[in-house]
Amino acid sequence: MSDDLQLMMSESGSESLDTFQDLGESDDCHDMSMDEHEHPRKRLKSKDDKLCGVCGDRALGYNFNAITCESCKAFFRRNALKKKKMKCLFRGNCIIDVRTRRFCPCCRLQKCLDIGMKENMILGEHEKRLRMAKVTENRMKREERGKVMIKEEPLDYDMQPMADSSNACSSSVMDSQSSNAPSPADLFEHIPESMMPTDPTSYRQLTPEEHELLEEITIAYRETVGSSLPKNDPKQDESHFNTVSSWVNNSEFAVRRLIKFVKKMADFCRINQEDQIASLKSSVVNTLLLRSVAFYIVERDSWMTPNGEISTKVLKTTTRHGDLYDSHIKYCRSLKSIVNNNTKLFALIQTLIIFNPDAQNIRARDEMSNVQDKYLILLKHYLEHEYSFEFAKNYFVAILGKIYEIKKISDNHAKVLLQVDPAEIEPIMLEILNLK
DNA sequence: ATAGCCTTGAGG
DNA sequence: CCTCAAGGCTAT
């Protein structure tokens with residue numbers, strides 16, 4: 001490989017111009033033959049005879065402020081924003097052409113910059129999300145039009161959760177009062193398939209801002225707390241979990257993920273630093289619990305880890321708190337059954353847990369509450385987007401109930417945590433759990 | 001990781 | 001409409 005690479009480097013170094021001209025000539029020939037057949041008149045100027053300023057390959061036009069080929073465009077997009085600086089294995093002056101361009105990313109990137117490609121023209125994470133929000137918004141409109149055009153038929157009445165149009169205001173009041181409505185807890189113990197989404201035409205549309213916000217936290221969640229932990233080093237037998245302190249230390253990765261998660265949220269960065277710490281600390285145990293739900297497998301009564309399953313029985317033998325175990329598993333089963341594997345819902349719940357106005361030591365409780373309200377509304381609107389308004393209302397209440405419940409359970413867990421010997425706990429976990 | 005091809009919003 | 005220039009997707 002390195003032989004080839006070196007060969008390529010020296011080869012191209014001695015005849016880079018030849019390569020460039022060869023490409024140019026073949027390009028011209030190609031164009032002429034095409035043009036003679038298609039447009040004999042304007043053969044000279046019609047098709048692009050543009051060449052990539054980086055490698056000399058055929059170019060379609062400007063990319064990031066310079067004329068480049070598709071591959072150099074993609075290359076620049078992938079690499080220009082990386083903060084890790086690549087280093088050239090040679091002298092930093094490798095010749096880049098269509099065949100050698102892959103061998104020295106460093107010099108290729110340098111040449112990109114030399115010919116004037118601008119890294120600030122690469123859309124940032126935020127701008128990309130805006131763009132995607134716009135795309136999906138338009139897509140939804142398109143599909144909406146399609147449905148409306150095809151529809152033109154009277155509404156179908158087979159779905160009872162459609163309490164929308166005609167008598168909306170009265171019906172919602174009546175429903176909330178009516179006694180025959182199943183209690184939310186019962187309603188969601190088992191997912192009522194019959195009430196799941198169909199017929200999207202009369203559901204709420206999220207605004208672009210809401211859509212973007214939801215995307216933001218969902219992506220952040222998926223990339224952090226929602227992802228599985230790195231494969232743990234040795235064989236992860238159950239002996240790794242036979243003490244409380246080993247459980248705690250095992251949670252360290254999850255806590256790091258939580259920190260990464262909050263740092264990705266613009267709303268979290270906006271609150272003052274003391275409250276950031278306070279809300280972070282008070283949401284750690286809840287977060288671990290929520291994680292345990294996310295990776296819980298109802299059918300097997302176990303948790304999925306990168307190294308395989310861990311039976312929930314291990315927790316019972318570890319803590320020797322049967323009641324704690326029971327309530328935890330019950331919680332896993334119930335929340336999992338209503339949320340399933342919906343990452344957006346997990347992300348929303350996670351967010352609501354973090355922006356908790358009555359957490360310990362919060363200074364600006366009003367402000368915290370305002371932020372939480374924002375996500376409460378987002379959750380509500382998301383549910384109304386996904387389901388009928390009536391169904392969403394019950395769903396909303398059920399989820400709020402579960403969020404309240406998670407706090408009680410985590411309080412119980414906190415008591416167990418106080419039993420551990422601080423000497424056995426990693427410093428970060430000591431700090432974050434206030435165990436010192 | 002690369003690179004070709006596709007989709008798309010903005011702007012003309 | 002049409003073109004330009006972004007990002008996305010995916011076979012290699």
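## Surroundings of Gln372

In this predicted model, Gln372 touches Leu352, Phe355, Asn356 and Pro357, when residues up to four places away in sequence are not counted and contact is taken as heavy atoms within 4.5 Å. Gln372 is found in helix α16, where helices are DSSP runs of H or I with at least four residues, strands are runs of E with at least two, and both are numbered from the N terminus. With a relative accessible area of 12%, Gln372 is buried; buried means under 20% relative accessible area, exposed over 50% and partly exposed in between, with a 1.4 Å probe and protein chains only.

## Packing of α8 on α16

Helix α16 (residues 365-386) packs with helix α8 (residues 208-223) at an angle of about 105°, and the two axes are 11 Å apart. That angle makes α8 roughly perpendicular to α16, given that 65 to 115 degrees counts as roughly perpendicular, under 35 as roughly parallel, over 145 as roughly antiparallel and the rest as oblique. The axes are lines fitted to C-alpha atoms, for helices over the stretch in contact, and the angles run from 0 to 180 degrees between N-to-C directions.

On the α8 side, Glu210, Leu213, Leu214 and Ile217 take part, and they meet Lys374, Tyr375, Leu378, His381 and Tyr382 in α16. The residues of this contact divide into six nonpolar, one polar and two charged, where Ala, Val, Leu, Ile, Met, Phe, Trp, Tyr, Cys and Pro count as nonpolar, Asp, Glu, Lys and Arg as charged, and the others, Gly among them, as polar.

## DNA strand C

The residues around DNA strand C include Gly61, Tyr62, Asn63, Phe64, Lys73 and Arg77, a residue being near a strand if one of its heavy atoms lies within 4 Å of it. Of the strand C atoms within 4 Å of the protein, 67% belong to sugar or phosphate and the rest to bases. Two of the polar contacts (pairs of N or O atoms within 3.5 Å) involve the protein backbone: a polar backbone atom of Tyr62 is 3.0 Å from a phosphate oxygen of strand C, and a backbone N or O atom of Phe64 lies 2.8 Å from a phosphate oxygen of that strand. Arg77, by contrast, places a polar side-chain atom 2.8 Å from a base nitrogen of strand C.

The elements giving two or more residues to this surface are β1 (61-63), α3 (70-79) and α5 (125-151), and the largest share, three residues, comes from β1. By class, the surface near strand C has five nonpolar, two polar and four charged residues.

## DNA strand B

DNA strand B is surrounded by 14 residues, of which the closest are Glu70, Arg102, Arg108, Asn138 and Arg139. Sugar or phosphate accounts for 70% of the strand B atoms within 4 Å of the protein, and bases for the rest. Side-chain N or O atoms of Arg78 and Arg101 lie 3.1 Å and 2.9 Å, respectively, from a phosphate oxygen of strand B, while for Arg108 a polar side-chain atom is 2.9 Å from a phosphate oxygen.

Helices α3 and α5 each supply at least two residues of the surface near strand B, with the largest share, six residues, coming from α3. Eight residues of this surface are charged, three are polar and three are nonpolar.

## Chain A and conventions

Chain A contains 18 helices and five strands, and 41% of its 436 residues count as buried. Among its contacts between residues at least 6 apart in sequence, 70% join residues at least 24 apart.

Residues are numbered from 1 along each chain as its sequence is written, while chains are lettered from A and ligands numbered from 1 in the order in which they are written. Local features need pLDDT of at least 70 and side-chain atom pairs count only at pLDDT 80 or more, whereas totals for chains, interfaces and linings use all residues, and side-chain values use heavy atoms, with hydrogens and water left out.

Conventions
A polar contact is a pair of N or O atoms within 3.5 Å; within protein, one must be able to donate a hydrogen and the other to accept it, and residues adjacent in sequence count only if both atoms are side-chain atoms.
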